[in-house]
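This report covers one protein model, beginning with its salt bridges and going on to the overall fold, one helix and one strand residue. The sequence and structure are shown first.

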Amino acid sequence: MQKLFAAAKELFFPRKCFFCSKYGDLICADCAALLDVSPVHRPDRGKKYLADIYSACSYENRRAQKIIHALKYDPFVRELARPMAQIIAGHFALCGRNPKDCFLAAVPLARKRLRERGFNQAQALAEELAKIWRIPIAGRCLEKIRKTRRQAELSQSERRNNLRGAFVCPDAASIKNKNIILVDDVVTTGATMEECAKVLRCAGVAEVTGICFARTER
């Protein structure tokens, strides 16, 4: 039945590139090349709790901005999470990193925001990365218990205060001594990931490494 549904979907809604509308892939090879995926890693070890943050693309790339906005706000293009995850995984491999023996976790949304949006774009990316890397997602390791202001609107000190106490770890026992890869769609200063990493490390996680589709220029 599932195969029949997939075939019908392809017949009536054929897959085409999000950018150029060429039939075949959701992001064709030519348009993927224009995302300027980084083949190298610029270390970000200035955080106390995060070991590092990896980013596949620059958020200054307009195509990267467009696809992130679409995944976040357009419920009809949730399937973009898969090619975006493939790009993230490709960048991770180019940087010589192996996710073996790690668990995945997504930066969570507050419950109200999750209801409004219908899904968490970071969770969608984590689920696709779990399939690509064949590693598990850590269940119930992070929860956002209150709504926060948009980080982009705040100063550096305001960002820290804005996030303080916003995240909790409901099930610390399941992640104790594990290595976690923390996933988000876009990162600016990394303050949100750092706060999540703080909660995870205090819950007994051995190491937290951040990874995202795009990051603003530092």
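## A salt bridge within helix H5

Glutamate 116 and arginine 113 are 3 residues apart in helix H5, so about one helical turn separates them. An α-helix has 3.6 residues a turn, so residues three or four places apart point the same way. The two side chains form a salt bridge, with the closest N and O atoms 3.9 Å apart. The model is a predicted one.

The two partners fall into separate accessibility classes. Glutamate 116 has 53% relative accessibility and therefore counts as exposed, while arginine 113, with a relative accessible area of 28%, is partly exposed.

## Other salt bridges

Salt bridges that share partners connect Asp44, Lys47 and Arg215 in one network. The structure holds 9 salt bridges. In the one between aspartate 44 and arginine 215, the closest N and O atoms are 2.7 Å apart. Aspartate 44 sits in the loop between helix H2 (29-33) and E1, and arginine 215 sits in strand E6, so this pair ties together parts that are 171 residues apart in sequence. Both ends of the bridge are buried: aspartate 44 has a relative accessible area of 7%, and arginine 215 has one of 4%.

Another salt bridge joins the side chains of aspartate 30 and lysine 22, at 3.2 Å from N to O. Lysine 22 is partly exposed, at 41% relative accessibility.

## Overall fold

The protein contains 8 helices and 6 strands. Its radius of gyration is 17 Å, close to the 17 Å that the globule rule gives for 218 residues, so the protein is as compact as a globular protein of that length. Along the sequence, the order of elements is α-α-β-α-α-β-α-α-β-α-β-β-α-β. Taken along the principal axes, the C-alpha atoms fill a box of roughly 50 × 40 × 35 Å.

Of the 218 residues, 44% are buried. Among contacts with a separation of 6 or more, 72% are between residues 24 or more positions apart. The protein exposes about 12,100 Å², and carbon and sulfur atoms supply 51% of that area.

## Helix H3

Helix H3 runs over residues 62-73. At 1.5 Å a residue, its 12 residues should span 16 Å, and the end C-alpha atoms are indeed 16 Å apart, which agrees. At the start of H3, a side-chain oxygen of asparagine 61 comes within 2.8 Å of the backbone nitrogen of arginine 63.

Which residues of H3 are buried? They are Ala64, Ile67, Ile68, Ala70, Leu71 and Lys72. Their cover includes three strands, E1 (52-58), E5 (179-187) and E6 (207-215), together with the helices H4 (81-94), H5 (111-117) and H6 (121-133). Strand E6, part of this cover, is also the strand that holds arginine 215.

## Valine 168 in strand E4

Valine 168 belongs to strand E4, which consists of residues 167-168. With a relative accessible area of 29%, valine 168 is partly exposed.

Leaving aside residues up to four places away in sequence, valine 168 touches Cys141, Leu142, Glu143, Ile145 and Val199. The C-alpha atom of valine 168 is 8.3 Å from that of leucine 200, a residue 32 positions away along the chain.

How values were computed: Residues numbered from 1 in each chain as written. Predicted model: local features only at pLDDT ≥ 70, side-chain atom pairs only at ≥ 80, totals over all residues. Heavy atoms only, no water. Helix = DSSP H or I, 4+ residues; strand = E, 2+ residues; numbered from the N terminus. Expected span 1.5 Å × (residues − 1). Buried < 20%, exposed > 50% of the residue type's maximum accessible area, 1.4 Å probe, protein only. Contact = heavy atoms within 4.5 Å. Polar contact = N/O pair within 3.5 Å; in protein donor to acceptor, adjacent residues only side chain to side chain. Rg over C-alpha atoms; globule rule 2.2 N^0.38 Å. Areas by Shrake-Rupley, 256 points an atom, 1.4 Å probe, with all protein chains shown as cover. Salt bridge = Lys/Arg side-chain N within 4 Å of Asp/Glu carboxyl O.
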